[in-house]
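Please open the structure in your viewer and keep the selection panel handy. We will go from stop to stop, with something to select at each one.

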Amino acid sequence: MPAAIFDLDGTLVDTYDAHFAAWRSMAQQIGHSLTEEQFRHQFGRKNDPILAELHEFAGKPLPDKEALALLAEQKEGLFCSELGDRDPCMPGVARFVSDLRGDGWGIGVGSSAPPGNIA
């Protein structure tokens, strides 16, 4: 059986603006004003390295693992709020995936996104 594995953010769904807004809010909370150029460099990376970089930008020490986990959870909440109820599918993706399935293809998603975002 043929199969296709797709990345999530930026391939299947357009989450750029929602992630940017959420990360800007988190950066502000940490004490840094995040630029879009800085965000573009971070987009697609996992939360922990981004949070470490934001603390570095703000000149603040990196919190312990538990505090980082709470910050990451908070960021994902902000992201979900920013995304709201809108359908973030990239144009043509739903039809393309449906056509592949109709032709007997297996479909998978490979992503560094948290499981809740993938769902």
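**Stop 1: the largest nonpolar core**

Begin by selecting Trp 23, Met 26, Leu 34, Phe 39, Leu 51 and Leu 54: these have the most contacts inside the largest nonpolar core, a set of 14 residues. Helix H1 (16-30), H3 and H4 are the elements that give two or more residues to this core. H1 gives the most, with 6 residues. Bear in mind as you look around that this is a predicted model.

**Stop 2: Trp 23**

Now centre on Trp 23 and show its surroundings. Leaving aside residues up to four places away in sequence, what does Trp 23 touch? The list is Leu 34, Phe 39, Asn 47, Ile 50, Leu 51, Leu 54 and Lys 75.

**Stop 3: Phe 20**

Stay in helix H1 and select Phe 20. Is Phe 20 buried or exposed? Its relative accessibility is 10%, and because buried means under 20%, Phe 20 counts as buried. Add Leu 34, Thr 35, Glu 36 and Phe 39 to the view: Phe 20 touches each of them, again not counting residues up to four places away in sequence. Try a distance label between Phe 20 and Glu 36, which are 16 residues apart in sequence, while C-alpha to C-alpha they are 7.6 Å apart in space.

**Stop 4: where H3 meets H4**

Next, select helix H3 (residues 47-58) together with helix H4 (residues 65-83). Their axes lie 10 Å apart, and the two helices pack at an angle of about 100°. H3 and H4 are therefore roughly perpendicular to each other. To see the contact itself, show side chains for Asn 47, Asp 48, Leu 51 and His 55 on the H3 side, and for Leu 68, Leu 71, Ala 72, Lys 75 and Glu 76 on the H4 side. Colour them by type and you will find 4 nonpolar, 2 polar and 3 charged residues in this contact.

**Stop 5: strands E1 and E2**

Finally, move to strand E1 (residues 3-6) and strand E2 (residues 106-109), which run parallel and are joined by 4 bridges. Pick Ala 3 in E1 and look across: Gly 106 in E2 stands opposite. Which residues of E1 are on the covered face, and which on the uncovered one? Ala 4 and Phe 6 are on the covered face, while Ala 3 and Ile 5 are on the uncovered one. In a regular strand, side chains alternate between the two faces of the sheet.

Technical notes: Residues numbered from 1 in each chain as written. Predicted model: local features only at pLDDT ≥ 70, side-chain atom pairs only at ≥ 80, totals over all residues. Heavy atoms only, no water. Axes fitted to C-alpha atoms, helices over the stretch in contact; angles between N-to-C directions. Parallel < 35°, antiparallel > 145°, perpendicular 65-115°, else oblique. Contact = heavy atoms within 4.5 Å. Nonpolar A, V, L, I, M, F, W, Y, C, P; charged D, E, K, R; others polar. Core = buried A, V, L, I, M, F, W, Y, C linked by side-chain atoms within 4.5 Å. Buried < 20%, exposed > 50% of the residue type's maximum accessible area, 1.4 Å probe, protein only. Pairing = 2+ DSSP bridges.
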